[in-house]
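Trainee: I would like to go through this model with you. Could we begin with its interior and then turn to helix packing?

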Amino acid sequence: MKSKILDAVGLSAAVLCLIHCIVFPLLLIVPLGISHNPYIDLGFLCIGTIIVFRVTKKITNRWLKLLFWISVSLIFISVLTDLIFEIHIPLIYLGTAGLITGHIINFKNHKH
C-alpha cells in the first residue's frame, strides 16, 4: 500500500479510537447495561501497530518515527494495564493524539 493510503487508514483508525475512548466512558454513565471491553482497545492497538510498522519503514525523519513508536507504546502500556490489572490509565489519550499528529504530519510531507 502506498504510504499516503496508510496515513489515511491510520488517521481514520486513530480518530475512531479517540472517539471510542472519549465517548465510551460517557456511555457508562447512562444506565444502558454497557460494560467496558478492553479487547476493543486491543483491536485498535493491533491495527495501529501494523499501520505504524508499515508507515515507519518508508519514513526517513527520525523524529516522526519516534513520535509514531512512542505513541504506540503509550497505547500498549494503557491497554496492557487495563487487560491485566483492570485499571484504565489515560496514556491511551496521549498515544492516540500522537498517532493522529504523526499521520497528519506524514501526510502533509508527501509530494502530491
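Mentor: The cavity comes before the helix packing in what follows. This is a predicted model, in which local features need pLDDT of at least 70, side-chain atom pairs count only at pLDDT 80 or more, and totals for chains, interfaces and linings use all residues. Residues are numbered from 1 along each chain as its sequence is written, and side-chain values use heavy atoms, with hydrogens and water left out.

Trainee: What volume does the largest cavity have?

Mentor: Its volume is about 130 Å³. A cavity is a set of points on a 1 Å grid over the protein atoms alone where a 1.4 Å probe fits but cannot get out, and lining residues have an atom within 4 Å of a point.

Trainee: Which residues are the closest to its centre?

Mentor: Of the 15 lining residues, those are Ala14, Phe44, Gly48, Ile75 and Leu99.

Trainee: And which element gives the largest share of the lining?

Mentor: That is α2, with 6 residues. Helices here are DSSP runs (H or I, at least four residues), numbered from the N terminus.

Trainee: How does the lining divide by class?

Mentor: There are 10 nonpolar, 5 polar and no charged residues.

Trainee: Now the packing. At what angle do α2 and α3 pack?

Mentor: The angle is about 160°, and the axes lie 10 Å apart. That makes α2 roughly antiparallel to α3, a term for angles over 145 degrees.

Trainee: Which residues of α2 make the contact?

Mentor: Among them are Leu45, Gly48 and Val52, while α3 contributes residues including Phe68, Val72 and Ile75. Contact means heavy atoms within 4.5 Å.

Note on methods:
On a 1 Å grid over the protein atoms alone, a cavity is a set of points where a 1.4 Å probe fits but cannot get out, and a pocket is an open set with protein on both sides within 12 Å along at least five of seven lines; lining residues have an atom within 4 Å of a point. Grid points are joined across faces, edges and corners, and a volume is the space filled by probe spheres set on the points. Helices (H or I, at least four residues) and strands (E, at least two) are DSSP runs, numbered from the N terminus. Ala, Val, Leu, Ile, Met, Phe, Trp, Tyr, Cys and Pro count as nonpolar, Asp, Glu, Lys and Arg as charged, and the others, Gly among them, as polar. Axes are lines fitted to C-alpha atoms, for helices over the stretch in contact, and angles run from 0 to 180 degrees between N-to-C directions. Angles under 35 degrees count as roughly parallel, over 145 as roughly antiparallel, 65 to 115 as roughly perpendicular and the rest as oblique.
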